[in-house]
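Trainee: I have this one open and would like to go through it with you, if you have a moment.
Mentor: Gladly; load it, and ask whatever comes to mind.

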Amino acid sequence: MKTSKAEFDATCNLFINSVNNYFRHLTEVDSELNVPYIKQSEGLILKDYTGMIGISGNRKGFVYISADRHMYEDLIKIFIGIDDPSDEDILDMAGEISNVVAGNVRANLGANFMISVPVVFQGMPSQLKIPDDVSIYVIPIVWNNHEAYVVIGLQ
């Protein structure tokens, strides 16, 4: 599916603002964003842990935030004060970030931009298949020296 530059920019800017606001307001450490780009559906970018949100309504697709374990550990230490979180704690944090970021975008786009509860996973699930007609936006971010990806797939 062909995506116009204006549509790409508008969608990326909403997610960029949401990610920036998340880190700035909740951790008081700004995130740094690298240049967003459009990617083909094969070979998705995934780090250690991922929180994914389904999108329905006027737009259909998904958004996910994928990061290494150390980033989630740092966030858990800030929010909860746990120094050695379990895998379950890490997955919960991955779902929480994706839910907050998608929820903030939904607040800007209105009720016709519906989001699901987060699906969280470690590594690359074998059943994860992205349809060919989905434009995929990748927003590389760095927070507190940790690299992560915000990936948006929309029809």
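Trainee: Leaving aside its neighbours within four places in sequence, which residues is Asn 20 in contact with?
Mentor: Keeping in mind that this is a predicted model, Asn 20 is in contact with Ser 31 and Leu 33 once the neighbours within four places in sequence are left aside. With Ser 31 there is also a polar contact, side chain to side chain, at 2.9 Å.

Trainee: Where is Asn 20 found, and is it buried or exposed?
Mentor: Asn 20 is found in helix H1, and its relative accessible area is 14%, so it counts as buried, the cut-off being under 20%.

Trainee: And what comes after H1, in the loop before strand E1?
Mentor: One residue of that loop, between H1 and strand E1 (31-33), is Glu 28. Glu 28 has a positive phi of about 60 degrees although it is not a glycine. Most residues other than glycine have a negative phi. Glu 28 is also exposed, with 72% relative accessibility.

Trainee: Which residue in the loop between E7 and E8 has a positive phi without being a glycine?
Mentor: That is Asn 145, found in the loop between E7 and E8, with a phi near 70 degrees. Asn 145 is exposed as well, at a relative accessible area of 76%. A glycine with a positive phi can be seen after H2, where Gly 81 has a value near 85 degrees.

Trainee: Switching to rings: how many aromatic pairs does a search of the whole structure find?
Mentor: The search finds four aromatic pairs. One of them joins Tyr 22 and Phe 23 in an edge-to-face arrangement, with 5.2 Å centre to centre and 90 degrees between the planes. Another joins Phe 62 and Tyr 64, which are stacked, with 6.0 Å between centres and 10 degrees between the planes.

Trainee: Are those four residues buried or exposed?
Mentor: They are buried: Tyr 22 has 3% relative accessibility and Phe 23 has 2%, while Phe 62 comes to 7% and Tyr 64 to 0%.

Trainee: Which residues form an aromatic cluster with Tyr 22 and Phe 23?
Mentor: Phe 79 and Trp 143 do, so to speak, complete the list, since Tyr 22, Phe 23, Phe 79 and Trp 143 form one aromatic cluster.

Trainee: What about the largest nonpolar core, and which residues have the most contacts inside it?
Mentor: The largest nonpolar core has 32 residues, and Phe 15, Tyr 72, Ile 97 and Val 150 are those with the most contacts inside it. The elements giving two or more residues to this core are helix H1 (5-27), strand E3 (49-57), strand E4 (61-67), H2, helix H3 (87-109), E7 and strand E8 (146-154). H3 gives the most, with seven residues.

Trainee: What does Ile 97 touch, beyond residues up to four places away in sequence?
Mentor: Ile 97 touches Tyr 22, Ile 65, Met 71, Tyr 72 and Leu 75. There is also a second, separate core of twelve residues, which includes Met 52, Ile 136, Val 138 and Tyr 149.

Trainee: How do H2 and H3 sit relative to each other, and why call it that?
Mentor: The axes of H2 and H3 come within 9 Å and cross at roughly 85 degrees. Angles of 65 to 115 degrees count as roughly perpendicular, and H2 and H3 are therefore described in that way. On the H2 side the contact is made by Arg 69, Met 71, Tyr 72, Glu 73, Leu 75, Ile 76 and Phe 79, and on the H3 side by Asp 87, Asp 89, Ile 90, Met 93, Ala 94 and Ile 97.

Trainee: Which residues of H2 are buried?
Mentor: The buried residues of H2 are Arg 69, Met 71, Tyr 72, Glu 73, Leu 75 and Ile 76.

Trainee: What does Arg 69 touch, not counting residues up to four places away in sequence?
Mentor: Arg 69 touches Asp 48, Tyr 49, Pro 85, Ser 86, Asp 87 and Ile 90. A polar atom of the Arg 69 side chain lies 2.8 Å from the backbone oxygen of Pro 85.

Trainee: Last one: where does Lys 129 lie, and is it buried or exposed?
Mentor: Lys 129 lies in the loop between strand E6 (119-122) and strand E7 (135-143), and it is exposed, with a relative accessible area of 62%. From C-alpha to C-alpha, Lys 129 and Ile 80 are 34 Å apart in space, and they are 49 residues apart in sequence.

Technical notes:
Residues are numbered from 1 along each chain as its sequence is written. This is a predicted model: local features need pLDDT of at least 70, side-chain atom pairs count only at pLDDT 80 or more; totals for chains, interfaces and linings use all residues. Side-chain values use heavy atoms; hydrogens and water are left out. A polar contact is a pair of N or O atoms within 3.5 Å; within protein, one must be able to donate a hydrogen and the other to accept it, and residues adjacent in sequence count only if both atoms are side-chain atoms. Contact means heavy atoms within 4.5 Å. Helices (H or I, at least four residues) and strands (E, at least two) are DSSP runs, numbered from the N terminus. Buried means under 20% relative accessible area, exposed over 50%, partly exposed in between (1.4 Å probe, protein chains only). Rings of Phe, Tyr and Trp (its six-membered ring) pair if their centres lie within 6.5 Å; planes under 30 degrees apart count as stacked, over 60 as edge-to-face and the rest as tilted. A nonpolar core is a set of buried Ala, Val, Leu, Ile, Met, Phe, Trp, Tyr and Cys residues joined through side-chain atoms within 4.5 Å. Axes are lines fitted to C-alpha atoms, for helices over the stretch in contact, and angles run from 0 to 180 degrees between N-to-C directions. Angles under 35 degrees count as roughly parallel, over 145 as roughly antiparallel, 65 to 115 as roughly perpendicular and the rest as oblique.
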